[in-house]
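Trainee: Could you take me through one part of this model in detail, and then say how the rest of your notes fit around it?

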Amino acid sequence: MTAPLTPPHQPSSNDPWQTPPNWGGPGGSGGPGRPGGPDGAGGYYPGTLLESQEEKDRGPDLRRAATVTALVTVSGVALGLLWVWLAPRVPLISDSTAVFLNDSEGEEAIGADGTFVLLGLAFGALSAALVFWFQRRGGIALVLGLALGGLLGSLLAWRLGVWLGPTQDVVAHARAVGKGVVFDAPLQLRAKGALLAWPLGAMAVHLGLTALFGPRDPEPEWGVYSFPGAPGAPGAPGAHEAPGVPGVNGAGGSAGEGAPPVPPA
């Protein structure tokens, strides 16, 4: 009668249900996806590291986007000043009982809206070009910051132009100038859709510049990979090697070193 090969107090190495001794890492006893120390504590999840790395990468982009938004919004002051200066005036006249248009067929009323749209498109293209010049990396956060800054800048320019333009109290203005005297109507933006000219123009120009001159992603290199020892791989048994070629048959000499000797004539 022979003794058992495996002691009763030790599990068999062939047991398929046996728990590996180093589950979860060297010396660790964690579970699947939870590496840990000897007591299973103090471990970390890989997802936590990925989330923290994404937050670190997103921080500089958000700061750049906030800076772009603030600068573009402040530049709305220049748009408002130019709008007051370039927008055509609507002439009015009073007969002491009512106020009328001095030229009922004039197009000055829509000229103010058109001037605002053209200025908004110009400011959008200029701001997008400057942002692309200083921040060529692009990114969705930067584009959204540029669009938000353009919208806020348009609102600022609109309110500033109305405030700096002719007074909004038409009746008081007519009484002040007197009967039969032509005066300017208040500066108004009748088509509120003109406020979107700046952000839409900025996004279109920035995306176009990024597509044309932005950094390109590296092209993936597709190669043939052979496992060591696979049939036909270098160094595998039975692999055909070119004699005399350095690095192919293991010889590190010059070309022709592994060639057979030529017998004397």
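Mentor: The pocket comes first, then the sheet.

The model is predicted: local features need pLDDT of at least 70 and side-chain atom pairs count only at pLDDT 80 or more, while totals for chains, interfaces and linings use all residues. Residues are numbered from 1 along each chain as its sequence is written, and side-chain values use heavy atoms, with hydrogens and water left out.

The largest pocket has a volume of about 260 Å³. A pocket here is an open set of points on a 1 Å grid where a 1.4 Å probe fits, with protein on both sides within 12 Å along at least five of seven lines; its volume is the space filled by probe spheres set on those points. Its lining, meaning residues with an atom within 4 Å of a point, has 14 members. Nearest the centre of the pocket are Val-68, Leu-71, Val-72, Leu-130 and Val-131. Helix 1 (46–74) and helix 3 (108–134) each supply at least two lining residues, and helix 3 gives the most, with 6. Helices are DSSP runs of H or I of at least four residues, and strands are E runs of at least two.

The sheet is open and has 3 strands in the order 2-1-3, with antiparallel pairing. Strand 2 (99–101) and strand 3 (183–184) are at the edges with a single partner strand each, so one side of each has no neighbour in the sheet. Pairing requires at least two bridges found by DSSP; strand 1 (residues 91–94) and strand 2 pair over 3 bridges. Across that pairing, Ser-94 stands opposite Val-99 in strand 2.
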